[in-house]
Amino acid sequence: MGESLPWLLFDTWRAKRLGWAGIEERQRVRLAEIVAFARAHSPYYRELYQGLPDRIEDPKLLPVTDKKKLMAHFDDWCTDRTITLDKVRAFTSNLNLIGEPFMEKYTTVTTSGTTGTQGLFIVDERTLRVTNAIALRWITSWFNLWDLVKIIAGGFRMAMICAFGGHYAEITAATRMRKGSKLRAKLIQAFPVDMPMNRLAPELNRFQPAIVAPYASTGAMLASEQEAGRLNIHPVAMILSAEGLPIPEYERIAKSLNTKVRYSYAASECMFISGNCKENWLHVNADWVIFEPVDENYNPVPPGVMSHTMLLTNLANRTQPIIRYDIGDRIMVRPDLCPCGNPLQAIRMQGRTADVLKFNKENGDEVIIPALVLELDVIAGIERSQVVQTSETGLRIRLRLTPDADADYIWQMVEAQVRHLLKQQGLSHVTVERAQEPPEQSPGGKYRTVIPLG
Ligand SMILES: [Zn+2]
């Protein structure tokens, strides 16, 4: 019951109509259900929740967990007891299997480990159905009939610009959507995020997508290219993911491309947390997500105050329960009702900055490299990486390695990868230096993947 896509579509529509009371009711029932399921089938949660009341409807009764703890207990965490870390690792280390089902029925998503530990997440079929139902609720609230007519007239073409090289959420979704249909494969194109702009712009000009889906920092770069006249596309919508931008940047992108700009705040742990509205607030899909903005001692933070972190509960995923999970993002809840009329709570977020490095080619042309391209901790043996721009022509790379790693061998790989990237962008004259010191925290306590000059 409550499992099929039509039922979920109806329920997500109805939950929003009922307002906050309807949402809270769903949260209580779904939390009790997922906690009971986790206790019954996951040895990790059984032990963690020992001694707690039988039925849990209030998340504040539960201890907090995080990526580091869960990854350290991976085999005890999953409720499908046949899933093991070894099996998932073997699967995700094979890049030919991106978009293929894991153990015939699951989707795997990996994170590059910007917060220190690489995450391996299992998405079950129920979670995918919930994701689709929520995506549809979101899309129908964004697009009017005229937009849909324009998308159809634009030939339904969609360009996704994302990181290849790993089982990341975006490339997995793109591969899934293209699979099994020649027509879909033609209409949905994926472009690598590290493709130099002087190659990407002509490709997009040729493809003329109706929808463009890049990371936020790439979206901002596309707007600059359109302003400079090198890019000439007319998408109905641009859907941004990954990082947050300053609000005026969204407006600049919308203006320069004459398009609707939509962005979400999502995570590999929960791909349907929230989506933006026309007032530039993110509305949390609280019928399927519980989010708790908290201070450093995990005490609740009131609306209007920026939190230290957020505790996230994914109410859909039973296979790999994410319950009261410290996600590490700072959010602020809007204290009043959003003027857009959406009854779902509205948030703004901080963190996950769209840092970029700027260089000049030897002929003077500016080249922008987004932080995402320089996430080196996808290389086995690297716990954390930090790329520091030290001058107009210099990079310094700080690494923290796992205890058993071969430092010289890893450095050779890092250096080769970064040099290759620089060469591709026409920046062979930029020097790459190996730092003796480990990655350093910024005053706010966050580790930045890249630190721009000045
Ligand atoms: Zn709103």
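Two strands count as paired if DSSP finds at least two bridges between them. Helices (H or I, at least four residues) and strands (E, at least two) are DSSP runs, numbered from the N terminus. The model is predicted: local features need pLDDT of at least 70, side-chain atom pairs count only at pLDDT 80 or more, and totals for chains, interfaces and linings use all residues. Residue numbers start from 1 along each chain as its sequence is written.

**Stop 1: the domains**

Colour 1-353 as domain 1 and 356-451 as domain 2. These bounds come from an automatic or database domain assignment. The C-alpha centres of domain 1 and domain 2 are 27 Å apart.

**Stop 2: a four-stranded sheet**

Select β18, β19, β20 and β21. They form an open sheet with mixed pairing, in the order β20-β19-β18-β21. The edges are β20 (431-434) and β21 (450-451); each has a single partner strand, so one side of each lacks a neighbour in the sheet.

Now show β18 (residues 382-391) with β21. The two run parallel and are joined by two bridges. Which residue of β21 is the bridge partner of V388? Pick I451.

Add helix α14 (residues 407-424). α14 lies across β18, β19 (394-401) and β20, at about 145° to β19. Such axes are lines fitted to C-alpha atoms, for helices over the stretch in contact, and angles run from 0 to 180 degrees between N-to-C directions. Contact means that C-beta atoms, placed from the backbone, lie within 7 Å.

**Stop 3: helix α1**

Move to α1 (5-18). Its 14 residues should span 20 Å at 1.5 Å a residue, and its end C-alpha atoms are indeed 20 Å apart. The expected span is 1.5 Å times one less than the number of residues.

Select L8, T12 and A15, the buried residues of α1. They fall within an arc of 65° seen down the axis, so they line one face of the helix. The arc is that of the directions from the helix axis to the C-beta atoms. A residue is buried if 20 or more other C-beta atoms lie within 10 Å of its own, exposed if 12 or fewer, and partly exposed in between.

Turn to the other side of α1: P6, R14 and R17 are exposed there. The cover over the buried residues of α1 includes α2 (20-41) and α7. Just after α1 comes G19, with a positive phi near 80°.

**Stop 4: helix α7**

Select residues 125-142. This is α7, with 18 residues, and it reaches 26 Å from first C-alpha to last, close to the 26 Å expected. Its buried residues are T127, V130, T131, A133, I134, R137 and W138. They cover an arc of only 165° around the axis, which puts them on the same side of α7. They pack against α1, β3 (120-123) and β9 (270-276).

**Stop 5: I273**

Stay with β9 and pick I273, which belongs to this strand. I273 has 27 C-beta neighbours inside 10 Å, so it counts as buried. Leaving aside neighbours within four places in sequence, I273 is in contact with Y265, A266, A267, V284, N285 and V289. Then try I290: it is 17 residues from I273 along the chain, and their C-alpha atoms are 9.0 Å apart.

**Stop 6: strand β14**

Finish at residues 330-333. Which side chains of β14 point to the buried face? I331 and V333 do, and they are buried; R330 and M332 point to the other face and are not. Add β15 (residues 346-350): four bridges join it to β14, and the strands run antiparallel. Opposite R330 stands Q350 in β15.

Technical notes
Contact = placed C-beta atoms within 7 Å.
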